[in-house]
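Me: Please give me a close look at a single part of this structure, the interface. I am a first-year student, so a slow and connected explanation would help me most.

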Amino acid sequence: MSRSSGLMPAESASGATLHTIVAVMSFLACLALGFVLTLGRLASEWTEGLSGSVTVQLLPSAQISADDQVKEALRLVKNWPGVFSARALSRADAEKMLEPWLGQGNVLQDLPVPQLIEVTLQPGPVELEGLGRALSDGVPGAHLDDHQRWNAELAAFATSSEAVGWSVLLLITAATLAIVIFATQAGLQAHREIVEVVHMIGARDVFIANEFQRHFLWLGVRGGIIGLVLAAVTLVGSSFLMDSREAPVGAQYLPQFVSSPLHYTWLLLVPVMMGLIAMWTARFTVLRVLGRMP
Amino acid sequence: MVRFENVGMRYGLGPEILRDISFTLDAGSFHLLTGPSGAGKTSLLKLIYLAERPCRGAISMFGRDIATTPRDELPALRRRIGVVFQEFRLLDHLTVFDNVSLPRRVMGESEGHYRAEVEELLSWVGLGNRLNAKPATLSGGEKQRVAIARAVVAKPELLLADEPTGNVDPEIGGRIMRLFIELNKLGTCVMIATHDTRIMERVPASRIYRLAEGKLTVAKAHEFMAEAKRA
Ligand SMILES: Nc1ncnc2c1ncn2[C@@H]1O[C@H](COP(=O)(O)OP(=O)(O)O)[C@@H](O)[C@H]1O
Ligand SMILES: [Mg+2]
């Protein structure tokens with residue numbers, strides 16, 4: 001051994017079990033945390049109405065020709081402060097969007113489908129109410145849909161999901177605590193002989209506790225990192241799937257999990273927490289076992 | 001250095017297995033503790049090496065009353081005692097060298113400080129070429145010698161050995177006893193628990209204690225011999 005390798009066996013059956021348990025719990029905790037952080041971000045974005053895009057609907061009007069209506073509306077929208085771009089959707093675009101509901105065919109040719117203009121906003125506040133009024137006043141048949149109602153509902157949904165997410169996270173944390181404590185104690189039981197022999201040889205309690213807590217700290221951190229890596233692969237993988245072409249219709253509008261570096265920092269805390277839980281449990285348990293010895 | 005006065009001991013709520021035990025061990029003396037299996041020899045040694053507490057009576061170790069010694073001062077007392085456990089109690093995941101160095105490590109010494117000494121001790125007990133072996137690969141006699149080396153590596157003032165010849169053939173048993181006698185000559189107080197009668201003839205025991213039915217008596221024949229020698 002050499003001093004650095006410590007008193008504890010490098011690998012043992014109980015160590016492998018503890019690794020697995022910590023890895024699984026940290027995987028679940030990372031997923032729950034990723035979920036909660038994403039929902040939290042969405043809720044605040046939706047609440048602030050920063051969804052990034054609005055739509056202008058142009059209903060056929062007797063007062064203006066369809067082409068002029070589009071031209072007028074585009075001109076008005078494009079000059080509005082805070083608008084990044086605006087694009088009239090072609091008939092083909094509209095057919096493609098409605099296809100899931102109406103099926104393929106020539107249905108649309110015979111229907112008065114409203115012409116749509118997709119407006120992309122720059123980040124930051126935009127005077128949407130004024131734009132809406134300007135459109136209805138300036139272009140007959142134009143109507144701005146700022147998704148306000150839709151946003152409000154989404155925000156409410158996200159906020160309540162976030163609350164559910166926090167409860168799940170809380171439950172997982174409690175379960176993790178209980179399971180990691182239990183597994184650490186089971187691991188210690190396997191090392192009881194070491195505790196007793198070293199105690200009788202004249203080791204002080206803190207010496208023994210330090211050896212054990214160092215061992216279990218790294219055990220917890222290693223298990224936690226395995227779980228974190230698995231969770232990161234899952235989260236990134238799911239975002240990737242959603243971006244890919246095989247994703248279901250509309251999936252690209254779903255939020256990406258874990259987007260900011262800050263989120264990754266939070267996730268990094270999970271293995272650290274695992275290590276600390278295992279370490280403190282080991283220390284507490286060893287000191288309690290030793291306390292019962294004369 | 002060890003003094004027992006009317007000591008009684010029981011495990012949990014069980015019967016008293018040791019009753020009214022009184023004796024003293026002086027520095028540099030040599031003792032045998034005999035008695036049939038189950039008489040309580042191991043239990044008495046546990047009291048001496050502070051692994052169990054008496055239910056009554058007074059124990060004093062190295063001049064300290066154990067009952068009034070704070071718990072955090074007991075490790076310092078334990079370090080003055082070397083123990084050869086009945087079942088060796090070697091740590092299976094550590095090498096022979098690491099097992100033997102353990103008491104020195106526990107005292108906070110660095111490996112550079114004790115390495116040469118431990119190697120010398122191990123070659124003295126005939127294990128100079130097994131430094132990196134794990135206990136599982138050793139024979140009973142080799143384990144026994146590792147356990148003895150661990151017990152003496154920190155130069156204890158008191159050496160306790162529990163049935164040290166129980167698992168080895170007479171040839172090795174004789175060598176082990178010579179080792180203890182040698183250590184005793186260097187000043188270590190030795191107490192050996194055994195029910196091996198052959199040992200008794202070989203050793204210069206200052207006293208032979210006999211445990212039976214929970215009581216400790218000084219074996220009469222040997223006291224006679226000792227008195228005859230003194231006269
Ligand atoms: N840890 C223990 N718990 C309860 N009873 C024990 C324990 N160790 C020993 N005993 C009992 O105490 C008695 C003395 O045992 P022991 O000291 O091992 O005797 P010896 O070493 O002379 O064979 C026996 O009856 C044994 O069953
Ligand atoms: Mg015994």
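Reply: Contact here means that heavy atoms lie within 4.5 Å. With that cut-off in hand, and keeping in mind that this is a predicted model, you can begin with who takes part: the contact draws 25 residues from chain A and 26 residues from chain B. The size of an interface is often given as the accessible area that is lost when the parts come together. For chain A and chain B this buried area is about 2,400 Å², and 57% of it lies on carbon and sulfur atoms.

Next come the polar and charged pairs that cross from one chain to the other. Between chain A and chain B there are nine residue pairs in polar contact, where both residues have a pLDDT of 80 or more. On the chain A side, three helices each supply at least two of the residues that touch chain B, namely α6 (192-200), α7 (205-243) and α8 (261-291). Of what chain A brings to the side that touches chain B, helix α6(A) gives the most, with seven residues. If you sort the residues on this side of chain A by class, you find 14 nonpolar, five polar and six charged.

The charged class leads on to salt bridges, since side chains of opposite charge can pair when their charged atoms come close. Between chain A and chain B the count is four salt bridges. One pair to look for in the 3D view is Asp205(A) with Arg71(B), whose side chains meet in a salt bridge at 2.5 Å, taken from N to O. Counted over all chains, the salt bridges come to 21. To place the pair in the fold, start at Asp205(A) in helix α7 of chain A and cross to Arg71(B), which sits in the loop between β5 (64-65) and α2 (74-78) of chain B.

Put together, the picture is of 25 residues from chain A facing 26 residues from chain B, with helix α6(A) giving the most to the chain A side, and with helix α7 of chain A holding Asp205(A), the partner of Arg71(B) in a pair that crosses between the chains. It may help to trace α6, α7 and α8 of chain A one after another on the screen, as each supplies at least two residues to the side that touches chain B.

How values were computed:
Residues numbered from 1 in each chain as written. Chains lettered and ligands numbered in written order. Predicted model: local features only at pLDDT ≥ 70, side-chain atom pairs only at ≥ 80, totals over all residues. Heavy atoms only, no water. Buried area = accessible area lost by both parts, 1.4 Å probe. Polar contact = N/O pair within 3.5 Å; in protein donor to acceptor, adjacent residues only side chain to side chain. Helix = DSSP H or I, 4+ residues; strand = E, 2+ residues; numbered from the N terminus. Nonpolar A, V, L, I, M, F, W, Y, C, P; charged D, E, K, R; others polar.
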